[in-house]
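This report describes a protein structure for readers at the bench. The sequence and the coordinates are shown first.

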Amino acid sequence: MPDVSVVIPARDAERSLGQTLTAVADQDFNGDVEVVVVDNGSRDGTASLAEEHGVRVLRRPRGAGPGSARNAGAGAARARVLAFTDADCAPTPGWLAAACNALTQGDIVLGPIEPLRPPGPLERTVHVGVETGLFESANLVVRRDVFERAGGFPPGLEGPEDAPFGEDVLFGWTATRGGARVVFCPESRVLHAVEPRGARAFVAERARLRFFPALTAQLPELRDTFCYRRYFLTKRTAAFDLAAAGAVLAIAGRRPLALLAAAPYARWLARDASLRGPRAPGIAAVRAVADVVGAAALVSGSIRARSLLL
């Protein structure tokens, strides 16, 4: 029986999966590691690439999401410790050793997720430096008995046409409510790919903020662990809302001094505009538009979930 089973969901990941599997194979870990790649109906050479690396491959229908894939991989895995990462990630050499050592103090181990390279202002990546309460599955190690007791990853909050959202958060809090102890291990690091993204995609992704009110409705704990002052998603969304309220009061109430409420948000925009390069002013404008879309999404989601988050 292996000491750890690493479960990696993948779909159309031929370009990045090789780096992930090489990073897992190069772990400084004094134990037996089993790797299970769950292919979600890839249309490229993802499954063949995994087989070339000599790891176990499970093939799933294309419609299956990453949560379902992780559950399938965990069901096929043989170890008593399950380590989850993604096909666009590269765990650092000390990832498994540090996580397994941290399991002596807990049942679930989370760790930092850092960009593989410095990202551009609109590029997509994941950066986690502290415990957030979101249980990011790109870097999550858990005892099998705890995983099974929590029921694995449930369905997320997304619709049929949406990208997955929230299944790892729901799993983590289900396990925590069941008594699981969570440890954040700074030495258990995973590097995440940085993906190019244009202005339109950057703005469009903010529409996904509509799911957060429903998530906090199900998991009120997030208001203390993740949200800013309980009723704002982040400091930036709070600054935008304050600026918007000040503008409405200044115009409708004829109180020009209310525009001073926009000062905190103006500092965010000034920071965007101070980025180096000729595109800096345009980047600030794109982010401002994204803030408008994000605010509208949060209002819409709050109404739908009957749970205020701005």
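The sections below treat the strands, the cores, an enclosed helix, selected residues and the cysteines.

## Parallel strands near the N terminus

The model is predicted, and local features are described where pLDDT is at least 70. Strand β1 (residues 4–10) and β2 run parallel and are joined by 7 bridges. Within this pairing, A10 stands opposite D39 in β2. The connection passes through helix α1 (residues 14–25), and β1, α1 and β2 together make a right-handed β-α-β unit.

On to the next strand: β2 is joined to strand β3 (residues 56–60) by 5 bridges, and these two also run parallel. D39 takes part here as well, standing opposite R59 in β3. A right-handed β-α-β unit is formed by β2, helix α2 (residues 46–52) and β3. Strand β2 (residues 33–40) is largely enclosed by the rest of the structure, because 7 of its 8 residues are buried.

## A three-stranded open sheet

An open sheet is built from 3 strands in the order β5-β10-β7, with mixed pairing. The edges are β5 (89–91) and β7 (113–115); each has a single partner strand, so one side of each is left without a neighbour in the sheet. From one strand to the next, the twist averages 30 degrees. Strand β10 (residues 190–192) pairs with β7 in the parallel sense over 3 bridges. P115 has H192 in β10 as its bridge partner. As a general point, strands of a sheet pair through backbone hydrogen bonds, in either the parallel or the antiparallel sense.

## Nonpolar cores

The largest nonpolar core comprises 36 residues, and those with the most contacts inside it are F84, I108, L140, V142, F147, F212 and L215. Helix α6 (residues 167–177) gives the most to this core, contributing 5 residues. A second, separate core has 33 residues, including V4, V6, L21 and C89.

Leaving aside residues up to four places away in sequence, L215 touches L157, F165, V169, L170 and L222.

## Helix α6 and its surroundings

Helix α6 is largely enclosed by the rest of the structure, because 8 of its 11 residues are buried. The buried positions are E167, D168, V169, L170, F171, G172, W173 and A175. Among the elements that cover them are α3 (66–76), β6, β8 (140–143), α5 (144–150), α8 (212–218) and α9. After α6 comes G179, whose phi is positive, near 105 degrees.

G179 is also a contact of D107, a residue in the loop between α4 (95–102) and β6 (108–110). D107 has a relative accessible area of 10% and is therefore buried, as this lies under the 20% cut-off. Its contacts, not counting residues up to four places away in sequence, are V141, V142, R143, V146, G179, A180 and R181.

## Positive phi outside glycine

Which values of phi do R230 and R306 have? For R230, phi is near 70 degrees, a positive value in a residue other than glycine. For R306, phi is near 55 degrees, again a positive value in a residue other than glycine.

R230 sits in the loop between α9 (222–225) and α10 (235–252). R306 belongs to the segment after α12 (280–305). R230 counts as partly exposed because its relative accessibility of 34% falls between the 20% and 50% cut-offs. R306, at 80%, counts as exposed because this value is over 50%.

## Cysteines

How many disulfides does the structure hold? The number is 0. C185 is in no disulfide, and the nearest cysteine sulfur, that of C100, is 10 Å away. This separation rules out a disulfide for the pair, because the two sulfur atoms would have to be within 2.5 Å. C185 is buried at 6% relative accessibility, and C227 is buried at 11%.

## Accessibility of selected residues

The table collects the relative accessibility of residues discussed above.

| Residue | Relative accessibility | Class |
|---|---|---|
| D107 | 10% | buried |
| C185 | 6% | buried |
| C227 | 11% | buried |
| R230 | 34% | partly exposed |
| R306 | 80% | exposed |

Definitions and conventions:
Residues are numbered from 1 along each chain as its sequence is written. This is a predicted model: local features need pLDDT of at least 70, side-chain atom pairs count only at pLDDT 80 or more; totals for chains, interfaces and linings use all residues. Side-chain values use heavy atoms; hydrogens and water are left out. Helices (H or I, at least four residues) and strands (E, at least two) are DSSP runs, numbered from the N terminus. Buried means under 20% relative accessible area, exposed over 50%, partly exposed in between (1.4 Å probe, protein chains only). Contact means heavy atoms within 4.5 Å. A nonpolar core is a set of buried Ala, Val, Leu, Ile, Met, Phe, Trp, Tyr and Cys residues joined through side-chain atoms within 4.5 Å. Two strands pair if DSSP finds at least two bridges between them. Axes are lines fitted to C-alpha atoms, for helices over the stretch in contact, and angles run from 0 to 180 degrees between N-to-C directions. A crossover is right-handed if, with the strands pointing away from the viewer, the path from the first strand over the helix to the second runs clockwise.
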